[in-house]
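Thank you all for coming; I would like to spend a few minutes going through one structure with you. Please have a look at it on the screen before I start.

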Amino acid sequence: MRLEVAARTRVSAAFSLDVDFALDLDAGRPIAALFGPSGCGKSSTLAILAGLLRLEVGRIVLGGAALTDTAAGIRVPPHRRGIGLVAQDGLLFPHRDVSGNLAFAERRARRRPHAPRAEVVEALGLGPLLARPVTGLSGGERQRVALGRALLAGPRLLLLDEPVSALDERARWEVLEYVEEVTRRFGVPTLH
């Protein structure tokens, strides 16, 4: 799947984001990474892809379909983009248990094909956590639940915004192994 981005927007009074790149993500190369110094716009780039940050000028095309095209007046809302986002802190719903967070994602998938819940739960080792409140989870457990929730929403593209930055060394490597496993197992292109 090809991702094309040519975008410009003001993020704050002191920072304007200006990006222009294209990536081809497929079964042989399902994971790509954005890297650079802190504050250079990596998270803002993921936010424009997810539709959480509006572009002033530009175009975002995923798999041949425009998600944003300011010249043509196209702006697909975040919930219709088919993009899963796993943020640094997981952004789980604190009023729902693990099972409730996963169920929300399944409802959000609507008619989009998505990995079967049982397979996602098994692949991420979430079975023992299903009835637990998310407020009692460790950082690594929270990120695994966030990854499961993103997969169950039926994404065409998965965005990972530093999902392991707040974890200790052991949990960091554990979560990265899960990311690699589910990306390959469920065939979801991933931008990290």
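Let me begin with a question: is D24 buried, partly exposed or exposed? Please keep in mind throughout that what you see is a predicted model. D24 counts as partly exposed, because its relative accessibility is 42%, which lies between the 20% under which a residue is called buried and the 50% over which a residue is called exposed.

D24 is worth a closer look for its partner, since R2 forms a salt bridge with D24 in which the closest N and O atoms are 2.9 Å apart. That pair links distant parts of the chain, with R2 in strand β1, residues 2-12, and D24 in strand β2, residues 15-24, so that 22 residues separate them. R2 also takes part in a salt bridge with E4, where the closest N and O atoms are 3.7 Å apart, and R2, E4 and D24 are accordingly described as linked in a network of salt bridges. As for the other two members, R2 counts as partly exposed at 36% relative accessibility, and E4 counts as partly exposed at 34%.

The two strands that carry R2 and D24 also pair with each other, for β1 and β2 run in the antiparallel sense over 10 bridges, and a hairpin of two residues joins β1 to β2. Within this pairing, R8 has D18 in β2 as its bridge partner.

The whole structure holds nine salt bridges according to the search, and I will pick out one further example. R59 forms a salt bridge with D69, the closest N and O atoms being 2.9 Å apart. Because R59 lies in strand β4, residues 57-62, and D69 in strand β5, residues 65-69, the pair ties together parts that are 10 residues apart in sequence. Here the two ends differ in their surroundings: R59 counts as partly exposed at 41% relative accessibility, whereas D69 is buried, with a relative accessible area of 12%.

Let me turn to the open sheet. Four strands form it in the order β3-β9-β8-β7, with parallel pairing, and the edge strands are β3, residues 31-32, and β7, residues 83-86, each of which pairs on one side only. Inside the sheet, strand β8, residues 157-160, is joined to strand β9, residues 190-191, by two bridges, and L159 stands opposite L191 in β9. Helices lie across these strands as well: helix α1, residues 42-50, lies across β7, β8 and β9 and runs at about 150° to β8, while α4 lies across β7 and β8 and runs at about 175° to β7.

Finally, helix α2, which covers residues 98-109, has 12 residues and reaches 17 Å from its first C-alpha to its last, close to the 16 Å expected. At the start of α2, a side-chain oxygen of D97 reaches to within 3.2 Å of the backbone nitrogen of S99, and just after the helix R110 takes a positive phi of about 50°. Which residues of α2 are buried? They are V98, G100, N101, L102, A103, A105 and A109, and what covers them includes α3, residues 117-123, and α4, residues 139-152. We have thus met α4 twice, once among the elements covering the buried residues of α2 and once lying across β7 and β8.

Methods
Residues are numbered from 1 along each chain as its sequence is written. This is a predicted model: local features need pLDDT of at least 70, side-chain atom pairs count only at pLDDT 80 or more; totals for chains, interfaces and linings use all residues. Side-chain values use heavy atoms; hydrogens and water are left out. The expected span of a helix is 1.5 Å times one less than its number of residues. Buried means under 20% relative accessible area, exposed over 50%, partly exposed in between (1.4 Å probe, protein chains only). Contact means heavy atoms within 4.5 Å. A polar contact is a pair of N or O atoms within 3.5 Å; within protein, one must be able to donate a hydrogen and the other to accept it, and residues adjacent in sequence count only if both atoms are side-chain atoms. A salt bridge is a side-chain nitrogen of Lys or Arg within 4 Å of a carboxyl oxygen of Asp or Glu. Two strands pair if DSSP finds at least two bridges between them. Axes are lines fitted to C-alpha atoms, for helices over the stretch in contact, and angles run from 0 to 180 degrees between N-to-C directions.
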